[in-house]
Amino acid sequence: MRFIFKTDYDQDIRLLKHGGHAFWYGLLLVAVLLAPVAVDDYYIGQLTQLAIFAMAGLGLMLLVGYTGLVSLGHAAFMGIGAYTEAVLLERGVPFLISLPVSAGLAAAVGIVVGLPALRLAGIYLAIATLAFAIIIEEVLARWESVTHGFTGMVVEPISVFGYELSEGADFYYLSVGLLILIVLMSLNLLRSPTGRAMVAIRDSEIAAQSTGIHVAKYKTIAFAISAGITGLAGALWAHKLGFLSPESFTVLQSIELLVLVVVGGVGSIHGAIFGAVFVVALPQLLAVGKGYLPTNVADAPGLEAGVFGLVLVLFILLEPMGIYGRWVKIRTYFSLFPLYKKASFKRQKTYLKSERLR
Amino acid sequence: MTFFRAENLAIQFGGLRAVDGVSFEVREGEVYSIIGPNGAGKTTVFNLISRIYDPSAGRVVFQERDITGVPPHRIAGLGIARTFQNIELFQNSTVLQNLLLGRHEHRRSNLFSEMLFLPHVRRMEVAHREKVEEVIEFLGLQHHRESRVSGLPYGIAKVVELGRALCTEPKLLLLDEPSSGLNPEESEDMAFWIEDIQKDLGITVLMVEHNMSLVAEVSDRVLAMNDGRVLAEGTPQEVQQHEAVIKAYLGG
Ligand SMILES: Nc1ncnc2c1ncn2[C@@H]1O[C@H](COP(=O)(O)OP(=O)(O)O)[C@@H](O)[C@H]1O
Ligand SMILES: [Mg+2]
């Protein structure tokens with residue numbers, strides 16, 4: 001009897017809950033591995049960008065979606081990761097050291113930025129992180145001896161034991177491989193006490209405290225992990241860009257990351273991936289769509305930012321669970337097909353709207 | 001040695017003396033109830049014990065240890081668990097996840113072993129689930145194990161909150177109005193559980209409750225409060241018949 005129970009719990013803990021999961025994720029993995037053979041270089045570049053954005057978004061997702069802390073300054077962590085990577089490589093530090101140091105420095109700064117989070121919540125925290133991002137942008141521009149300011153700096157190629165990995169399929173495999181590692185690490189955290197504590201803080205700090213969770217400590221941990229992951233994505237992004245300037249990491253990009261999280265689906269790892277697809281695909285779609293618009297509209301400055309903003313607002317109003325939420329509904333619809341009732345998804349007031357910005 | 005003791009507790013909110021020199025002792029193994037009209041300061045006493053507020057005077061002593069200066073997140077680890085008058089659950093998580101959070105103080109892992117989900121983390125997770133399963137069985141929550149809390153009826157949510165407190169394996173359990181919002185049948189279940197918690201699990205219970213028949217049914221001793229002060233203490237019958245208590249309830 002006991003033994004049967006234990007295998008039951010094991011199933012509950014496992015990442016792949018059933019054969020179907022194993023099959024579909026296996027298929028996805030094969031597709032990801034074969035992509036460089038199947039599609040041409042341009043699309044491999046796009047997929048690489050997608051993997052990097054998904055990683056940056058995943059970092060933010062852990063903070064916003066799982067811990068309930070809003071950051072409007074996450075591009076700054078990308079910037080810290082990117083510049084640390086470029087500066088270290090410039091000084092001859094090997095890639096296998098520079099990459100973890102870049103993530104680590106971003107995490108350390110994340111801890112400092114997280115300090116106000118111990119006192120501020122909702123919109124006030126959002127403003128504090130925004131201020132931080134503006135400061136970092138300024139530092140990147142003015143600290144010329146290190147960052148070369150607005151002159152910008154060239155990012156040296158990745159070389160591991162004499163192999164160059166900065167381009168094409170090699171860099172694609174590196175980025176996707178790291179993304180998979182980060183996803184697995186996040187999933188592990190979320191099925192462990194630390195991840196549960198983060199979610200607990202999101203839903204009720206007072207109850208979290210009463211079950212023994214040191215709220216300040218876990219908020220700090222969440223900030224560190226989030227910033228570290230986004231910083232790692234930033235280091236990879238440096239190589240994708242090949243050339244850094246302070247304008248690569250603006251507030252607009254921070255907002256883009258937040259759009260990624262909300263549109264993808266707050267509080268889900270899938271959401272970070274779906275959101276990245278959206279963020280990478282939208283400019284492409286806009287570029288195509290521009291051909292059909294009158295020129296004065298198509299060339300209007302800020303068109304892309306405007307569309308991003310509009311989509312963000314529409315999602316918050318109409319589909320607060322994001323693309324992932326919509327996907328789950330569609331899947332459920334087909335699995336229940338003749339019996340599907342609209343009430344199966346009676347809209348819950350989500351924490352996104354009611355509690356996040358209190 | 002006393003198991004639990006509140007000594008001269010006091011706190012003010014602005015000019016209001018919400019709790020004003022309250023002392024009482026709880027013996028190990030008993031069910032001790034605090035009654036009193038709305039606004040008497042009962043919940044505030046709980047909040048002082050669980051260290052949500054700092055008292056302006058007095059101390060709280062648990063197992064001969066002064067816990068008045070202990071940070072709030074350490075209280076669960078000392079063996080004091082609680083429920084809240086207006087349910088405080090993790091609304092967007094399942095019942096199982098909520099109960100697992102009750103195991104937080106029993107975790108034996110760190111950030112890095114969790115990221116890698118090392119074998120001992122997995123074993124620990126299985127062990128937590130075994131404990132949680134005992135509580136699920138004890139409270140009859142099997143059908144709701146995988147349900148999200150936000151969709152549960154009030155009465156069930158109340159039981160889940162009790163379950164989460166039990167998962168911490170407390171020595172002292174604080175229940176703030178365990179039967180409020182429950183229908184008579186659910187209240188009856190609650191009475192049985194409180195008795196089982198005392199007799200079978202050996203947990204000392206300190207509860208705030210309005211439902212006098214529940215109080216009379218399960219309590220060994222009762223403390224009556226009004227306006228932040230103690231009116232009377234004794235067996236349920238003694239307190240119910242106490243003149244000052246009757247007057248306070250009649251709004252005198
Ligand atoms: N955080 C607070 N701030 C201001 N007043 C409070 C606070 N908590 C409780 N009070 C007041 O203290 C008094 C006692 O409240 P409480 O302990 O909740 O009473 P009850 O006996 O009904 O549980 C009430 O008058 C209440 O309004
Ligand atoms: Mg109360």
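This passage looks at the make-up of chain A and then at the two ligand sites on chain B in a predicted model.

Chain A is mostly a story of helices, at least by count: there are 17 of them, alongside 4 strands. Half of the chain is tucked away, with 50% of its 358 residues counting as buried. As for how the chain packs against itself, 78% of the contacts with a separation of 6 or more join residues that sit 24 or more positions apart. What chain A leaves exposed comes to about 17100 Å², and 69% of that area is supplied by carbon and sulfur atoms.

Turning to chain B, the magnesium ion (ligand 2) picks up two protein donors, OG1 of T43(B) and OE1 of Q85(B), at 2.0 to 2.1 Å. T43(B) belongs to helix α1 (residues 42-49) of chain B, while Q85(B) comes from the loop between β6 (80-82) and α3 (95-101), so the pair ties together parts of the chain that are 42 residues apart in sequence. Neither donor falls under the 20% cut-off for a buried residue. T43(B), at 23% relative accessibility, counts as partly exposed, and Q85(B), at 24%, is also partly exposed.

T43(B) turns up again at the other site, in the set of residues around ligand 1. That shell takes in F13(B), L16(B) and A18(B), then P37(B), N38(B), G39(B), A40(B), G41(B), K42(B), T43(B) and T44(B), and finally Y53(B). By type, the shell splits into 6 nonpolar residues, 5 polar ones and 1 charged one.

Several of these residues make polar contacts with oxygen atoms of ligand 1. A polar side-chain atom of T44(B) lies 2.6 Å from one such oxygen. The backbone joins in too: a polar backbone atom of K42(B) is 2.8 Å from an oxygen atom of the ligand, and a polar backbone atom of A40(B) is 3.2 Å from an oxygen atom of ligand 1. Taken on its own, ligand 1 has 560 Å² of accessible area, and the protein covers 63% of it. Two elements of chain B, β2 (16-26) and α1, each give two or more residues to the shell. Of the shell's contributors, α1(B) has the largest share, with 3 residues. Helix α1 of chain B therefore has a hand in both sites, since T43(B), a magnesium donor, lies in this helix and is also among the residues around ligand 1.

Key:
Residues are numbered from 1 along each chain as its sequence is written. Chains are lettered from A and ligands numbered from 1 in the order in which they are written. This is a predicted model: local features need pLDDT of at least 70, side-chain atom pairs count only at pLDDT 80 or more; totals for chains, interfaces and linings use all residues. Side-chain values use heavy atoms; hydrogens and water are left out. Buried means under 20% relative accessible area, exposed over 50%, partly exposed in between (1.4 Å probe, protein chains only). Contact means heavy atoms within 4.5 Å. Accessible areas come from the Shrake-Rupley method with a 1.4 Å probe; for residues, only the protein chains shown count as cover. Donors are N, O and S atoms within 2.8 Å of the metal (3.2 Å for Na, K and Ca); water is not among the atoms, so sites may look incomplete. A residue is near a molecule or strand if one of its heavy atoms lies within 4 Å of it. A polar contact is a pair of N or O atoms within 3.5 Å; within protein, one must be able to donate a hydrogen and the other to accept it, and residues adjacent in sequence count only if both atoms are side-chain atoms. Ala, Val, Leu, Ile, Met, Phe, Trp, Tyr, Cys and Pro count as nonpolar, Asp, Glu, Lys and Arg as charged, and the others, Gly among them, as polar.
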